[in-house]
Amino acid sequence: MTSLILVLPLLPAGPATPYDYAISIDGETASNHGSVPLGLLPPVASGAEVVALVPAQALSWHQVTLPRGTLGRAWLSDGGSPRLRNVLVGLLEERLLDEPAQLHFALAPLARDDAPVWVAACDRAWLRAALQALEQAGKTAARIVPEFVPDTGTPAVVLTGDEAHARIIASGPRGVLVLPPGSASVALLHWPADAAIVAEPAVAALAEALFQRPARLQLNAERWLQAAASGWDLAQFELVNSGSGRAWKRLAAALRTLARAPRWRAARWAMAALLLTQLAGINAWAWKEQNLLQEKRSALSQAVTSTFPHVKLVVYPQQQMESELAALRLATGAPSGQDLESLLAALAAAAPPGKPLSGIDFVTGELRAKGLMLAPVEQSQLQAQLQARGIAARMDGDMLVLKVGGRP
C-alpha cells in the first residue's frame, strides 16, 4: 500500500508553509520526496496511508514504571483512559518543564505494567493544530509516528540538517537526545565507541570531523520511512476515536510490519515458498486423482465393449451394461434378481416354515405377499435375511412388501 509521510512543521503552519514529505509504494524505498505546501503535494494513489511524523525536537522521552494493573483492557481497547493519564501525570510531574495539562502523552507499543515503559510527551495544542491542518487539506493522518524512538537495541548517532542548522540526534536504550553540533555535545553523549554514525549528505563532513570516524550517508526520506515502519503510534488517549479503530490500527500496523519490514523478508520468502509448494502439491494431487478417475472410466468402458462387442460407443458404462444384461436375460429367458421367481425364492428361503400365503401381487421389482402372519421376532429375522440378499422388506398391515435394493 502506498504511504505518504508528512513531517509536521515545528512552527504554526499556514497555507504557504512547506511540508517535508516522502512517498513510498513498497514501504522500503521512497519514490518521491521533497518539501512543498500541502496544496502542492504530488498526487498519490487512492486509499494511500497518510503518516504524520513528529520531529525529534518536538518530543521529550521519559521512562517510568507503572503500578500493577494500570494497563488493563481500557488501554488495549481504546488506547488509554483518564485514569491512566492521571497516573502518568503523577509519575512525570516533577520531570516535566511544562504543565501536564498542556502535554499529550503516548506509551510505547506493547507496553506492560511489570517492566519500565517509555513515554513520549509533546505539546498538545501544537499537535492538535498540526493534525487539524492536515485534515483541512484532505490529508487526514492514519498514524502519528515519532522521528526517533528510544530502546532500538543498537545505539545510533544521526546528524541531520545542513551546516547552518545541523543537529545531533542520539537514540538508544537511554532515550533520545537532540543536541547542537560541537565538541561539548560529543563529550556529553558518552555514547558507545562502536555506535553507528549516520549523517545526511549535507553534514557528512561535519559528522566525520566531530566523531573522527567515517559516517554512513542516509537521506532524510530513508529515515522517515524507517520511522513510519516502527510500531509506534502517538494517537493515544484523546486522539483515539474508538476502541474498534485502535484495534484495526494495531492489526494494520502488524500487517504492515510483516509485509514491509526488512527483518521479515526471510519470513515473507518462506511463506511464499510454502504457498507455492502447497499450490503445486494440490495441482499434482488433482492431476493424479483425475488420471485415476479416467483409468476407472476406461476400465468400465473396456468391460462393456469386451462383454458386448456390438457396443461401439460407451457413454454411460453402468447403465449400458445393465441394459445389455436385461436384453440378454430377456432373449435367453434367464431370471433376474427383480423377477417374480427370484423374489419368491428369496421369500421361501427366509420365511419360517409353515407360514402359508393367501395371495400375492407383483409389479416389476416389487412383491406384495398377503396372509403371512409373523411374530415380531420372526419379522426381524426375515428382514435381516432378506437384507443380506439385497432385498428390503417391511410390513404394511397384514401384507409383506419386498423390493430389490433400497426401501420399498
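A salt bridge here is a side-chain nitrogen of Lys or Arg within 4 Å of a carboxyl oxygen of Asp or Glu. The model above is predicted, and a search of the whole structure finds 6 salt bridges. Let's work through some of them, then turn to a sheet and a leucine.

**Exercise 1. Work out which parts of the chain the salt bridge between R124 and E238 ties together.**

Solution.
- Start with the distance: the closest N and O atoms of R124 and E238 are 3.4 Å apart, inside the 4 Å cut-off.
- Next, place the residues. R124 belongs to helix α3, while E238 sits in the loop between α6 (220–228) and α7 (243–260), so the pair joins parts 114 residues apart in sequence.
- Finally, check exposure. R124 has a relative accessible area of 23% and is partly exposed; E238, with 29%, is partly exposed too.

**Exercise 2. Decide whether R223 and E200 are buried or exposed, and find the network they belong to.**

Solution.
- The closest N and O atoms of R223 and E200 are 2.9 Å apart, and the two form a salt bridge.
- R223 lies in helix α6 and E200 in the loop between β12 (196–199) and α5, so this bridge links parts 23 residues apart in sequence.
- Buried means under 20% relative accessible area. R223 has 6%, so R223 is buried; E200 has 11%, so E200 is buried as well.
- The network of salt bridges links E147, E200 and R223.

**Exercise 3. Lay out the sheet that contains β5, β6 and β7, and find the helices lying across it.**

Solution.
- Begin with the order: this open sheet of 3 strands runs β5-β7-β6, with antiparallel pairing.
- The edge strands, each pairing on one side only, are β5 (60–64) and β6 (103–107).
- From one strand to the next, the twist averages 30°.
- Now look at one pair. β6 and β7 (residues 117–123) pair over 5 bridges, and A106 stands opposite A120 in β7.
- Add the helices. α2 (residues 82–92) lies across β5, β6 and β7 at about 105° to β6. α3 (residues 124–136) lies across β6 and β7, at about 75° to β7.

**Exercise 4. Describe the surroundings of L206.**

Solution.
- L206 is found in helix α5 (residues 204–211).
- Leaving aside neighbours within four places in sequence, L206 is in contact with L159, A166 and P181.
- L206 and E163 are 43 residues apart in sequence, with their C-alpha atoms 7.6 Å apart in space.
- With a relative accessible area of 28%, L206 is partly exposed.

Methods. Residues numbered from 1 in each chain as written. Predicted model: local features only at pLDDT ≥ 70, side-chain atom pairs only at ≥ 80, totals over all residues. Heavy atoms only, no water. Pairing = 2+ DSSP bridges. Helix = DSSP H or I, 4+ residues; strand = E, 2+ residues; numbered from the N terminus. Axes fitted to C-alpha atoms, helices over the stretch in contact; angles between N-to-C directions. Contact = heavy atoms within 4.5 Å. Buried < 20%, exposed > 50% of the residue type's maximum accessible area, 1.4 Å probe, protein only.
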